[in-house]
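Reader: Could you take one part of this protein, the packing of its interior, and go through it closely? I am in my first year, so please take it one step at a time.

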Amino acid sequence: MVWMNHQLHRVKQTRLWVAAFFCWLCLMSATPRIPHSPKHHVFGDMRNFLGVPNTLNVITNYPLLVVGVLGFVLCLSGNFFVISSRAEVWVWALYYAGMTSVAFGSSYYHLKPDDNRVIWDTLPIMIAYSSLFAIFIMERVGEMIGLICLFALNLVALIGAACDRAFNDLRLCMMFQLIPAIAIPAMTFMFTPKYTHSRYWLWATANRQSFGCISFP
């Protein structure tokens, strides 16, 4: 009986993922190409201080560097965060590495914003988001499914960045922003959490989405 319930649960999960995938395909097919706005590289504050172009846009990335390096070191130094799964620790380390990359990539882009440099701003952000969403899935659904999603999401991030670069098409990048913003709140109520204080995922989603709106105006 327990085995049958487990199998039924797995079948329901598989159907849910397949349905979500087909919804995504339909949404991508129905959406027209979204090119970069001509104002994408024009910022509200473009002042230069001490010879550094767009100074405030550049230096505001460095809190991400501090948090990213600190989180990465703590992940590697032991079980500081009291996480039950070693795989989760490594995915958290990848997330903090992604944050560190955002600090460098975004600073490089904001020094001389153009279509050639914007990929160094968006790709690290999407890799960090991939890791965060995969951690959520590992916590709520299962470790193996989370690792599969991590691989799949990073692949989608690379394809999205390539489409942006080659075809000036932001559809995949923007879908990448939209889907976790819907999925995380929904799955917060649908699946039982492994850890306490799981409501903070909702705050993290809101913060992630607001940051994404800045990255993809």
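Author: A disulfide is counted when two cysteine sulfur atoms lie within 2.5 Å of each other. In general terms, it is a covalent bond between the sulfur atoms of two cysteines. The model here is a predicted one, and it holds 0 disulfides. Cys163 shows how that cut-off works: its sulfur is 7.9 Å from the closest cysteine sulfur, which belongs to Cys173, so the two are too far apart for a bond. Cys163 has a relative accessibility of 23% and therefore counts as partly exposed. Cys149, with 13% relative accessibility, counts as buried.

Before going further in, here is the frame. The chain has 8 helices and 0 strands, and its elements, read from the N terminus, run α-α-α-α-α-α-α-α. Of its 217 residues, 41% are buried. Among contacts with a separation of 6 or more, 70% join residues 24 or more positions apart. The accessible surface is about 12700 Å², and carbon and sulfur atoms account for 73% of it.

Now the interior. The largest nonpolar core has 19 residues, and the ones with the most contacts inside it are Met126, Phe133, Ile137, Phe176 and Met187. At least two residues of this core come from each of α5 (119–140), α6 (143–167) and α7 (171–190). Helix α5 gives the largest share, 7 residues. Take Met126 as an example: setting aside residues up to four places away in sequence, Met126 touches Ala157, Ala161, Cys173 and Phe176. Cys173 was met above as the holder of the sulfur closest to that of Cys163, and Phe176 is one of the residues with the most contacts in the core.

A second core, separate from the one just described, has 16 residues, including Ile83, Val91, Tyr96 and Met138. Two of these names return in what follows.

Which residues form a cluster through ring pairs? Trp92, Tyr95 and Tyr96 do. The structure holds 3 aromatic pairs. A pair of rings is described by the distance between the centres and the angle between the planes. Tyr96 is thus a member of the ring cluster and of the second core. Another ring, that of Tyr108, has a charge over it: the charged end of Arg117 sits there, 3.9 Å from the ring centre.

Next, Ser131 in helix α5. Is Ser131 buried or exposed? With 0% relative accessibility, Ser131 counts as buried, because the cut-off for buried is under 20%. Apart from neighbours within four places in sequence, Ser131 is in contact with Val91, Leu94, Tyr95 and Leu150. Val91 belongs to the second core, and Tyr95 belongs to the ring cluster. Contacts of Ser131 therefore reach residues already placed in the picture, where contact means heavy atoms within 4.5 Å.

Asn154 can be read in the same way. Asn154 lies in helix α6 and, with 17% relative accessibility, counts as buried. Leaving out neighbours within four places in sequence, the contacts of Asn154 are Leu94, Ile127 and Ser130. Leu94 is also on the contact list of Ser131. Leu155, likewise in helix α6, is partly exposed at 41% relative accessible area. Leu155 and Ile127 are 28 residues apart in sequence, and their C-alpha atoms are 9.3 Å apart in space.

Two further asparagines stand in loops. Asn54 lies in the loop between α1 (2–30) and α2 (55–59), and Asn168 lies in the loop between α6 and α7. Neither is a glycine, yet Asn54 has a positive phi of about 50° and Asn168 has a positive phi of about 55°. Which of the two counts as buried and which as partly exposed? Asn54 counts as buried, because its relative accessibility is 5%. Asn168, at 28% relative accessible area, is partly exposed.

To put the pieces together: α5, α6 and α7 each supply residues to the largest core, a second core stands apart from it, and buried Ser131 contacts Val91 and Tyr95, among others.

How values were computed:
Residues are numbered from 1 along each chain as its sequence is written. This is a predicted model: local features need pLDDT of at least 70, side-chain atom pairs count only at pLDDT 80 or more; totals for chains, interfaces and linings use all residues. Side-chain values use heavy atoms; hydrogens and water are left out. Helices (H or I, at least four residues) and strands (E, at least two) are DSSP runs, numbered from the N terminus. Buried means under 20% relative accessible area, exposed over 50%, partly exposed in between (1.4 Å probe, protein chains only). Accessible areas come from the Shrake-Rupley method with a 1.4 Å probe; for residues, only the protein chains shown count as cover. A nonpolar core is a set of buried Ala, Val, Leu, Ile, Met, Phe, Trp, Tyr and Cys residues joined through side-chain atoms within 4.5 Å. Rings of Phe, Tyr and Trp (its six-membered ring) pair if their centres lie within 6.5 Å; planes under 30 degrees apart count as stacked, over 60 as edge-to-face and the rest as tilted. A charge sits over a ring if NZ of Lys or CZ of Arg is within 6 Å of the ring centre and within 35 degrees of the ring normal.
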